[in-house]
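Subject: Structure handover

Hi,

Here is the structure I promised to pass on. Have a look at it first, then read my notes below.

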Amino acid sequence: YKLEALLKFGRMAVLILASLLSLALIAVTFNTIRLQILTQHDEIEVAKLIGATDGFIRRPFLYFGATQGLLGGIMAWLIVTASLLLLNHQLGALAQLYASQFTLHPLSFGDSLSLLLFSAYLGWLGAWLSVARHLSQIEPR
């Protein structure tokens with residue numbers, strides 16, 4: 001019962017941490033896209049003058065946001081995998097003291113794919129929120 005309670009506590013801590021990091025990824029992407037929109041303000045105005053739709057202007061920013069999120073997901077996967085390798089070495093020594101064997105398993109293919117897709121989605125979402133907010137403020141003069 002004690003181990004199960006400890007596992008529940010660990011799962012909740014990981015869920016809270018994952019939620020906070022997800023919000024951070026959205027915020028970072030939002031700000032990055034905002035800065036890109038401000039930098040390309042004149043180009044966006046010209047594009048609108050010659051008839052570009054908001055969807056046409058929005059698309060590259062959404063691709064960039066998804067790519068940024070995917071790269072963040074790849075970094076997260078690498079950090080988790082490296083951490084598990086390091087922890088398994090130490091955990092093996094600890095488990096020997098208790099005449100037991102514990103190992104931490106790396107993320108499965110499905111979990112890894114979910115991590116990468118979810119991080120790409122979070123980057124896309126941050127970009128979409130930023131573009132939706134800032135693109136409507138740009139009107140051709």
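At roughly what angle do the axes of helix H1 and helix H4 cross? Before the answer, one caution: this is a predicted model, so please read everything here in that light.

The angle is roughly 45°, and the axes of H1 (residues 2-39) and H4 (residues 109-135) come within 8 Å. That makes the two helices oblique to each other, and the crossing of H1 past H4 is right-handed. On the H1 side, the contact is made by Ser22, Leu25, Ile26, Thr29, Phe30, Ile33, Arg34 and Ile37. H4 brings a longish list, including Phe118, Leu122, Gly126, Leu129, Ser130, Arg133 and His134. Sorted by class, the H1 and H4 contact has eleven nonpolar, seven polar and two charged residues.

If you want one residue to click on here, try Phe30, which sits in helix H1. Leaving out residues up to four places away in sequence, Phe30 touches Gly126, Leu129, Ser130, Arg133 and His134. Take the pair Phe30 and Arg133: they are 103 residues apart in sequence, yet their C-alpha atoms are 9.8 Å apart in space.

Next, H1 and helix H3 (54-97). These two pack at an angle of about 145°, with 10 Å between their axes, and the crossing is again a right-handed one. From H1, the residues that meet H3 are Leu25, Val28, Thr29, Thr32, Ile33, Gln36 and Ile37. Their partners in H3 are Phe61, Phe64, Gly65, Gln68 and Gly69. The H1 and H3 contact splits into six nonpolar and six polar residues, with no charged ones.

H1 also packs against helix H2 (residues 41-49), at an angle of about 70° and with the axes 4 Å apart. H1 and H2 are therefore roughly perpendicular to each other. Ile37, Leu38 and Thr39 of H1 make this contact with His41, Glu43 and Ile44 of H2. By class, that is three nonpolar, two polar and one charged. Ile37 is worth a second look: it is among the H1 residues in contact with H4, with H3 and with H2.

Last, the pocket. Which helix gives the most to the lining of the largest pocket? That would be H1, with nine residues. The largest pocket holds about 1,200 Å³ of space. It is lined by 25 residues, and Val14, Leu17, Ala18, Val80 and Leu107 are the closest to its centre. H1, H3 and H4 each supply at least two residues of the lining. By class, the lining has 17 nonpolar, seven polar and one charged residues.

That's what I have for now. Shout if anything is unclear.

Cheers

Conventions. Residues are numbered from 1 along each chain as its sequence is written. This is a predicted model: local features need pLDDT of at least 70, side-chain atom pairs count only at pLDDT 80 or more; totals for chains, interfaces and linings use all residues. Side-chain values use heavy atoms; hydrogens and water are left out. Axes are lines fitted to C-alpha atoms, for helices over the stretch in contact, and angles run from 0 to 180 degrees between N-to-C directions. Angles under 35 degrees count as roughly parallel, over 145 as roughly antiparallel, 65 to 115 as roughly perpendicular and the rest as oblique. A crossing is left-handed if the near helix is turned anticlockwise from the far one by less than a right angle, and right-handed if clockwise. Contact means heavy atoms within 4.5 Å. Ala, Val, Leu, Ile, Met, Phe, Trp, Tyr, Cys and Pro count as nonpolar, Asp, Glu, Lys and Arg as charged, and the others, Gly among them, as polar. On a 1 Å grid over the protein atoms alone, a cavity is a set of points where a 1.4 Å probe fits but cannot get out, and a pocket is an open set with protein on both sides within 12 Å along at least five of seven lines; lining residues have an atom within 4 Å of a point. Grid points are joined across faces, edges and corners, and a volume is the space filled by probe spheres set on the points.
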